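This report looks at how a ligand is held by a protein chain. Please keep the sequence and the model at hand while reading.

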Amino acid sequence: MRTPFALAAALAAAGTLALAHAGVEDPDVMARMHSMKEIAAANKAVGLMLRGEAPFDAAVVATSAKIIAAESARIPALFESRADDPKSEALPAIWENWVDFEAKAQAGVLAAEALGGVRREADLAPAFAAVGQTCKACHTAYRE
Ligand code: HEC
């Protein structure tokens, strides 16, 4: 398989960002932050296409969407432990509104799956925006 350049570059950037978490001590917090970085990197690979910084490539969109969907599906398991760390931005409201938190994670899965179905450049912007809405909805409620 040919390495999709935009995705490879974004994932490499995520690896660099992970180093910024050197001060995080709780392994569960580290794991969920790492998962969010993977999500953000895949999201960025698609964002580059919309900004004209990478060519539209349906295969990269599909691969990126698959990462976002798979990692989003893991969100409930990753947050279940109620782990905390001085560097965590997770709000206690997550565990007070667990059913809603899970629903917001599931909304992310569904939006990412829809993004993965995009085959034409014209369909990319709305599908990408829909994914972005699900990130924002959860972060607004549950992230500092
Ligand atoms: C169901 C809730 C939920 C969804 C959906 C979600 N996030 Fe997050 N995200 C969080 C929470 C909570 C944190 C804070 C975790 C912590 O600091 O312990 C976070 C943290 C992050 C971080 C910072 C990670 C770090 O290293 O500190 C990034 C980047 C991020 N999210 C990107 C995204 C993107 C991009 C999407 C959508 C494609 C997304 N998230 C979807 C809940 C969510």
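The sections below deal with the metal site, its two protein donors and the surroundings of the ligand in this predicted model.

## The iron site

Two residues coordinate the iron atom of the ligand: Met36 through its SD atom and His139 through its NE2 atom, at 2.0 to 2.4 Å. In sequence these residues are 103 residues apart, so the pair links distant parts of the chain under the helix numbering used here. Met36 belongs to helix α2 (residues 27-50), and His139 belongs to helix α6 (residues 124-142).

The iron atom has six donor atoms, and the angles among them run from 87 to 178°. The site is octahedral. For six octahedral donors, the ideal angles are 90 or 180 degrees.

## Exposure of the two donors

Are Met36 and His139 buried or exposed? Met36 has a relative accessible area of 28%, which makes this residue partly exposed. His139 is also partly exposed, at 29% relative accessibility. The class "partly exposed" applies because both values fall between the limits of 20% and 50%.

## Around the ligand

The ligand occupies the largest pocket. Helices α2, α3 (58-79), α5 (98-116) and α6 each give two or more residues to the shell around the ligand. The largest share, seven residues, comes from α2.

In total, 24 residues surround the ligand, and the closest are His21, Met36, Cys135, Cys138 and His139.

## Polar contacts

Oxygen atoms of the ligand lie 2.9 Å from a polar side-chain atom of Arg32 and 2.6 Å from a side-chain N or O atom of Ser88. A nitrogen atom of the ligand is 2.8 Å from a polar side-chain atom of His139.

Notes:
Residues numbered from 1 in each chain as written. Predicted model: local features only at pLDDT ≥ 70, side-chain atom pairs only at ≥ 80, totals over all residues. Heavy atoms only, no water. Donors = N, O, S within 2.8 Å, 3.2 Å for Na, K, Ca; no water. Tetrahedral: all angles 85-135°; square planar, octahedral: opposite > 155°, others 65-115°. Helix = DSSP H or I, 4+ residues; strand = E, 2+ residues; numbered from the N terminus. Buried < 20%, exposed > 50% of the residue type's maximum accessible area, 1.4 Å probe, protein only. Near = heavy atom within 4 Å. Polar contact = N/O pair within 3.5 Å; in protein donor to acceptor, adjacent residues only side chain to side chain. 1 Å grid on protein atoms, 1.4 Å probe; cavity = no way out; pocket = protein on both sides within 12 Å on 5 of 7 lines; lining within 4 Å. Sits in = over half its atoms within 2 Å of the grid points.
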